[in-house]
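Please open the model in a viewer and keep the sequence panel at hand. The tour below proceeds by selections, each followed by what is to be found there.

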Amino acid sequence: MNQFENELKKDKFVCSECPKCNKLVWPPSNFCSGCFGDVIWRQVSRNGKLIEFSKKDNTIFCIAEFENMIRIMGELEIGTKKPQIGQDLELVKCNYDIKGNFFFQLK
Ligand SMILES: [Zn+2]
């Protein structure tokens, strides 16, 4: 279990970042994929945008992008707004069981 998963359990969305290369390391890892150096963990902005979505029964699954780089799949909470590609959304909840679970809401 890595830091990413541990933090998800606490409803915290973090990513690894290499202070040397000055870039996010995604998928999250304890080592930088560029220089293999140690990473630091920091919170990711919870404001993202909608990349793709599909509706199945009464659930909307989607891919959301954060900080122009991190793409995660999750569930879009059905509100009163109709989802559109590129729309701003917010990560409202995350947790972890056997995988990361993410829940988004349109802004
Ligand atoms: Zn690096």
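Two strands are said to pair if DSSP finds at least two bridges between them. Helices (H or I, at least four residues) and strands (E, at least two) are DSSP runs, numbered from the N terminus. The model is a predicted one, in which local features need pLDDT of at least 70 and side-chain atom pairs count only at pLDDT 80 or more, while totals for chains, interfaces and linings use all residues. Residues are numbered from 1 along each chain as its sequence is written, and side-chain values use heavy atoms, with hydrogens and water left out.

**Strand 1 and its partners**

Select strand 1 (residues 14–18) and strand 3 (40–43). They pair in the antiparallel sense over four bridges, and Val-14 stands opposite Gln-43 in strand 3. Add strand 2 (23–25) to the selection. Three bridges join strand 2 to strand 1, and the two run antiparallel; here Ser-16 stands opposite Val-25. The hairpin of strand 1 and strand 2 has four residues between the strands, and within the hairpin Asn-22 takes a positive phi near 60 degrees.

Now colour strand 1 by accessibility, where buried means under 20% relative accessible area, exposed over 50%, and partly exposed in between (1.4 Å probe, protein chains only). Five of the five residues of strand 1 are buried. Val-14, Ser-16 and Cys-18 lie on one side, Cys-15 and Glu-17 on the other, and both faces are covered.

**The zinc site**

Which protein atoms are the donors of the zinc ion? Select Cys-18, Cys-21, Cys-32 and Cys-35: each contributes SG, and the donors lie 2.2 to 2.4 Å from the zinc ion. Donors are N, O and S atoms within 2.8 Å of the metal (3.2 Å for Na, K and Ca); water is not among the atoms, so sites may look incomplete. Along the chain the zinc donors follow the spacing C-x2-C-x10-C-x2-C. Cys-18 in strand 1 and Cys-35 in the loop between strand 2 and strand 3 are 17 residues apart, a pair that links distant parts of the chain.

Why is the arrangement around the zinc ion tetrahedral? The four donor atoms subtend angles of 105 to 114 degrees, and four donors count as tetrahedral if all angles lie between 85 and 135 degrees. Compare the two ends of the motif: Cys-18 is buried, at a relative accessible area of 1%, whereas Cys-35 is partly exposed, at 26%.

**Backbone details in the loops**

Move to Pro-27, in the loop between strand 2 and strand 3. A cis peptide bond joins Trp-26 to Pro-27, with omega about 0 degrees. Pro-27 counts as exposed, at 60% relative accessibility. A C-alpha to C-alpha line from Pro-27 to Phe-66 spans 13 Å, although the two are 39 residues apart in sequence.

Next select Asp-11, in the loop between helix 1 (3–9) and strand 1. Its phi is near 65 degrees, a positive value in a residue other than glycine, and Asp-11 is partly exposed, with a relative accessible area of 31%. Then go to Asp-57, in the loop between strand 4 and strand 5. Asp-57, also not a glycine, has a positive phi near 50 degrees and counts as exposed at 69% relative accessibility.

**Strands 4, 7 and 8**

Select strand 4 (residues 47–56) and strand 7 (residues 88–96), which pair in the antiparallel sense over three bridges. Asn-47 stands opposite Glu-90 in strand 7. On adding strand 8, one finds seven bridges between strand 7 and strand 8, again in the antiparallel sense. Tyr-96 stands opposite Gly-100 in strand 8, and a hairpin of three residues joins strand 7 to strand 8.

**The largest pocket**

Finally, display the lining of the largest pocket, which includes Phe-61, Ile-72, Met-73, Lys-99 and Phe-103. On a 1 Å grid over the protein atoms alone, a pocket is an open set of points where a 1.4 Å probe fits, with protein on both sides within 12 Å along at least five of seven lines; lining residues have an atom within 4 Å of a point. Strand 5 (59–66), strand 6 (70–76) and strand 8 (100–106) each supply at least two residues of this lining.

Key:
Four donors count as tetrahedral if all angles lie between 85 and 135 degrees; four count as square planar and six as octahedral if opposite donors are over 155 degrees apart and all others between 65 and 115; anything else is irregular.
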